[in-house]
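Q: I'd like to go through the empty spaces and the ligand site in this model, and hear how each label is earned. Could you take me through the reasoning?

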Amino acid sequence: MYLEDPNGGLVSVQTYLLDEEKRFPGATGRLTWILSAITLATKYISARCRRARLEDILGSLDSENVQGEVQQKLDVIANETLLRCLGSRAGLAIVASEENEEPIILRTSNDPERPYIALFDPLDGSSNIDVCGGVGTIFSILAHDRRAKPMEKAVLQPGIRQVAAGYVLYGPSTILVMTTGNGVQMFVLDPSIGSFLMVEKDLKIPKACKSYSINEAYVDSFPEGYQNYLAWAHKNGYSSRYAGAMVADVHRTLIRGGVFLYPPTQSAPKGKLRLMYEANPMAMLVEQAGGKAYSGSERTMELQPGDVHDRVSVVMGSPDEVDLVLKHLS
Ligand code: AHG
Ligand code: MN
Ligand code: MN
């Protein structure tokens with residue numbers, strides 16, 4: 001059931017953001033305008049995902065992305081959609097995507113009217129698309145740093161500088177979960193009216209839950225601490241859930257509790273997930289919901305990125321469960 005405002009009105013994502021703006025007397029509305037480009041793009045991506053088989057856009061292309069991964073047709077469609085919707089919005093100085101090697105500068109001058117940077121993973125878990133599994137879009141918004149030279153370097157900021165973050169999960173429903181630094185809000189797309197409606201305000205993650213989410217097939221190549229944690233969890237009544245799409249796995253972890261892990265492996269010694277457009281936005285959501293997010297012994301959002309496509313290991317979720325993992329790592 002959707003939530004109502006005190007006057008019995010529906011709360012769409014736009015209503016919510018315009019209300020939030022009122023808390024900042026000098027607000028220009030630019031961030032709201034950028035987030036509305038994301039909701040527009042993700043509604044379009046949601047529709048394409050639902051019709052993917054019928055439109056013959058399942059499967060992979062012959063191309064690889066900058067990280068040497070095979071691109072799915074829908075990776076490219078989702079990326080182009082987000083670039084088109086965001087590219088035309090005033091307020092954005094730079095956009096960066098998993099699917100583009102370099103950040104895209106939207107204007108060369110250091111225009112004060114463009115105070116934000118948007119980063120995104122256009123389609124997360126895209127290999128799930130062929131089997132009708134959950135996939136998603138992840139986004140992170142940073143304040144533009146005009147002092148950075150060359151300008152692309154402005155993107156390289158730690159996650160604690162994010163001004164907004166979120167994801168859209170294309171599952172049985174299309175769900176938007178986002179934060180502007182004032183708690184986590186959840187919206188469900190009502191396809192009959194084309195609007196994201198608020199279903200939960202100030203979402204909180206359960207403090208503990210005996211559930212872990214990890215690709216356990218790689219256990220032999222995890223560092224010893226993770227192996228010890230898993231052996232301990234097996235003896236202590238834990239259950240395991242893994243969808244293979246970070247958006248789906250983190251969403252379940254936020255709602256039900258537990259811990260999501262992607263440790264370093266022999267083939268990905270720094271971890272597989274990308275710091276700037278996977279780990280950081282999810283870490284901001286999890287922390288805003290009362291959880292914890294670490295990369296090894298360090299808080300993920302305090303890591304200084306060296307490159308827009310940097311990879312990190314990830315341990316995030318219920319605070320007590322993350323503590324138990326960290327105890328085994330130390
Ligand atoms: P993407 O589809 O954007 O490349 O991301 C895939 C990621 C993430 O969604 C998921 O948690 C992880 O890859 C799964 O990796 P494994 O198949 O190695 O478990
Ligand atoms: Mn991804
Ligand atoms: Mn992706």
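A: Happily! A polar contact is a pair of N or O atoms within 3.5 Å. Keep in mind that this is a predicted model.

Q: What makes the pairing of Met-246 with ligand 1 a polar contact?
A: A polar backbone atom of Met-246 is 2.8 Å from an oxygen atom of ligand 1. The cut-off is 3.5 Å, so this pair is a polar contact.

Q: How do you know that Gly-125 makes a polar contact with ligand 1?
A: A backbone N or O atom of Gly-125 lies 2.8 Å from a ligand 1 oxygen, and the limit is 3.5 Å. That pair therefore counts as well.

Q: What makes the Arg-274 pair with ligand 1 count?
A: Here a polar side-chain atom is involved, 3.2 Å from an oxygen atom of ligand 1. With the limit at 3.5 Å, it therefore qualifies too. As for cover, ligand 1 taken alone exposes 470 Å², and the protein buries 86% of that.

Q: Why are Asp-124 and Tyr-262 said to be around ligand 1?
A: A residue is near a molecule if one of its heavy atoms lies within 4 Å of it. Ligand 1 has 18 residues around it, and those that come nearest are Asp-124, Gly-125, Asn-215, Tyr-242 and Tyr-262.

Q: Why is the largest pocket said to lie between domain 1 and domain 2?
A: Because domain 1 (13-200) and domain 2 (211-329) both give residues to the lining. The pocket holds about 530 Å³ of space. It has 27 lining residues, and Gly-125, Ser-126, Ser-127, Gly-244 and Lys-272 are the closest to its centre. Among the elements supplying at least two lining residues are strand 5 (116-124) and helix 5 (246-256).

Q: What makes ten residues of that pocket lining count as charged?
A: Asp, Glu, Lys and Arg are the charged types. By that sorting, the lining has nine nonpolar, eight polar and ten charged residues.

Q: Why is the other space called a cavity and not a pocket?
A: In a cavity a 1.4 Å probe fits but cannot get out, whereas a pocket is open. The structure holds one cavity of 30 Å³ or more, and the largest cavity has a volume of about 60 Å³. Helix 2 gives the largest share of its lining, five residues.

Q: How do you know that the cavity lining has no charged residues?
A: Its lining includes Leu-17, Gln-14, Thr-39 and Phe-139. Sorted by type, the lining residues are eight nonpolar and four polar, with no charged ones.

Key. Residues numbered from 1 in each chain as written. Chains lettered and ligands numbered in written order. Predicted model: local features only at pLDDT ≥ 70, side-chain atom pairs only at ≥ 80, totals over all residues. Heavy atoms only, no water. 1 Å grid on protein atoms, 1.4 Å probe; cavity = no way out; pocket = protein on both sides within 12 Å on 5 of 7 lines; lining within 4 Å. Points joined across faces, edges and corners; volume = space filled by probe spheres on them. Helix = DSSP H or I, 4+ residues; strand = E, 2+ residues; numbered from the N terminus. Domains from an automatic or database assignment. Polar contact = N/O pair within 3.5 Å; in protein donor to acceptor, adjacent residues only side chain to side chain. Areas by Shrake-Rupley, 256 points an atom, 1.4 Å probe, with all protein chains shown as cover.
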